[in-house]
Amino acid sequence: MKGLLLDLDNTLLAPKDEGPLPQEIRRWAEGLKAGGIRLALVTNAKPHRVRRAARELGIPGAGPVGKPLPLGFFWGLRRLGLPKSAVLAVGDQVFTDLLGARLAGLRFALVRPIAEDALAHTRGLRRLESRCRKSQTTIGEKPKGEGTKAE
Ligand SMILES: [Mg+2]
């Protein structure tokens, strides 16, 4: 991997957090950049949140990009200047982040959301996602030391 296309809300920052990005996130990003990994934000977050996070991390950012439409990922690939095969998309939602990344032909890493969502439609999607995550853990090997519960 030479580049990451990162979701913002609930992947790097809690959705209601209007403060600066957590220091651990900034350090993590600095470490990756120092190691030659290129980063960009591709997110459905509000424009002011995207601008602020991109400025704090010193990376390009676009949003809201309307995931699961893949256009934002194509923008991100151009900004990174990397082929799809060298890029990993990262996000916390199955039906926006994962689906959009797949439509763009990218590999994807699903992370646990930082915070519970207050929006009713997101809560509904989370229940469906939870089923997907559970079904993923039942396919193939069970991780060592983990029970049957996925969340
Ligand atoms: Mg998110």
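Reader: What makes you say both faces of β4 are covered?

Author: In this predicted model, V87, A89 and G91 sit on one side and L88 and V90 on the other, and every one of them is buried. Buried means under 20% relative accessible area, so with 5 of the 5 residues of β4 passing that test, the strand is largely enclosed by the rest of the structure.

Reader: How do you know that β4 pairs with β1?

Author: Pairing takes at least two bridges between the strands. β4 (residues 87-91) and β1 are joined by 4 bridges, so they count as paired, and they run parallel. You can pick out the partners by eye: L4 stands opposite L88, and L6 stands opposite V90.

Reader: And what pairs with β4 in the parallel sense over 4 bridges, besides β1?

Author: That's β5 (residues 107-110). The cut-off is at least two bridges, so 4 bridges make this a pair too. Look for G91, which stands opposite L110 in β5.

Reader: Why is the unit of β4, α4 and β5 called right-handed?

Author: Point the strands away from you and follow the path from the first strand over the helix to the second: clockwise means right-handed. The unit made by β4, helix α4 (residues 94-103) and β5 is classed as right-handed, so its path runs clockwise in that view.

Reader: Back to β1 for a moment. What makes its two faces covered?

Author: G3 and L5 on one side, L4 and L6 on the other, are all buried in β1 (residues 3-6). Each is therefore under the 20% cut-off.

Reader: Which strand is joined to β1 by 4 bridges and holds R38 opposite G3?

Author: β2 (residues 38-42), which runs parallel to β1. G3 stands opposite R38 there. Between the two strands the chain passes through helix α1 (residues 23-34), and this β-α-β crossover is right-handed as well.

Reader: Now the metal. Why are D7, D9 and D92 called donors of the magnesium ion?

Author: For this metal, a donor is an N, O or S atom within 2.8 Å. D7 and D92 contribute OD atoms and D9 its O, lying 2.1 to 2.2 Å from the ion, so they qualify. Along the chain the donors follow the spacing D-x1-D-x82-D.

Reader: Why is D7 called buried, while D9 is called partly exposed?

Author: The cut-off is 20%. D7 has a relative accessible area of 5%, so it is buried. D9 comes out at 22%, and partly exposed runs from 20% up to 50%, so D9 is partly exposed.

Technical notes: Residues numbered from 1 in each chain as written. Predicted model: local features only at pLDDT ≥ 70, side-chain atom pairs only at ≥ 80, totals over all residues. Heavy atoms only, no water. Donors = N, O, S within 2.8 Å, 3.2 Å for Na, K, Ca; no water. Buried < 20%, exposed > 50% of the residue type's maximum accessible area, 1.4 Å probe, protein only.
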